[in-house]
Amino acid sequence: MEVNDIKHGEDILELLLQPSSYVDFNRIHEVLHISRRTFFYALKKINHYLDDNGCKLIPETTFKRGYNE
């Protein structure tokens, strides 16, 4: 599986990797027009992809307050 095989996968990663230090779900919804459920479904697949490729995972609990790293 590749990131581009995950629906919204590339868009989510691009948004999370922007230079800003904080991205909350409201921003993700505003930009991508996806539901919270769709986001977490894609995030789970992205994390599986990252794990398979030896990369750091994105904790889902981070999005209760926003992604800050």
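Buried residues, meaning those under 20% relative accessible area (exposed is over 50%, partly exposed in between, with a 1.4 Å probe and protein chains only), make up 36% of the 69 residues in the protein chain. The model is a predicted one, in which local features need pLDDT of at least 70 and side-chain atom pairs count only at pLDDT 80 or more, while totals for chains, interfaces and linings use all residues. Residues are numbered from 1 along each chain as its sequence is written, and side-chain values use heavy atoms, with hydrogens and water left out.

**Exercise 1. Describe the secondary structure of the protein chain, and state how α1 and α3 are arranged.**

Step 1. Helices (H or I, at least four residues) and strands (E, at least two) are taken as DSSP runs numbered from the N terminus, and the protein chain has 3 helices and 0 strands, which read along the sequence as α-α-α.

Step 2. With axes as lines fitted to C-alpha atoms, for helices over the stretch in contact, and with angles running from 0 to 180 degrees between N-to-C directions, the axes of α1 and α3 come within 10 Å and cross at roughly 85°.

Step 3. Angles under 35 degrees count as roughly parallel, over 145 as roughly antiparallel, 65 to 115 as roughly perpendicular and the rest as oblique; α1 and α3 are therefore roughly perpendicular to each other.

Step 4. At the level of residues, where contact means heavy atoms within 4.5 Å, G9, I12 and L13 of α1 meet F39, A42 and I46 of α3.

**Exercise 2. Find which residues of the largest nonpolar core touch the most other members, and which helix gives the largest share.**

Step 1. A nonpolar core is a set of buried Ala, Val, Leu, Ile, Met, Phe, Trp, Tyr and Cys residues joined through side-chain atoms within 4.5 Å; the largest one has 18 residues, of which I12, I28, I34, F39 and I46 touch the most other members.

Step 2. At least two residues of this core come from each of α1 (9-16), α2 (25-32) and α3, and α3 gives the largest share, 7 residues.

Step 3. Taking I12 as an example and setting aside neighbours within four places in sequence, its contacts are L32, I34, F39, A42 and I46.

**Exercise 3. Classify the aromatic pairs that involve F39.**

Step 1. A pair of aromatic rings is described by the distance of the centres and the angle of the planes. Rings of Phe, Tyr and Trp (its six-membered ring) pair if their centres lie within 6.5 Å, and planes under 30 degrees apart count as stacked, over 60 as edge-to-face and the rest as tilted; the count by this rule is 2 aromatic pairs.

Step 2. F25 and F39 form a tilted pair, at 5.8 Å centre to centre and with 55° between the planes. Because F25 lies in helix α2 and F39 in helix α3, this pair ties together parts that are 14 residues apart in sequence.

Step 3. F39 and F40 form an edge-to-face pair, at 5.1 Å centre to centre and with 70° between the planes, and ring pairs thus link F25, F39 and F40 into a cluster.

Step 4. F25 counts as buried at 11% relative accessibility, as do F39 at 0% and F40 at 19%.
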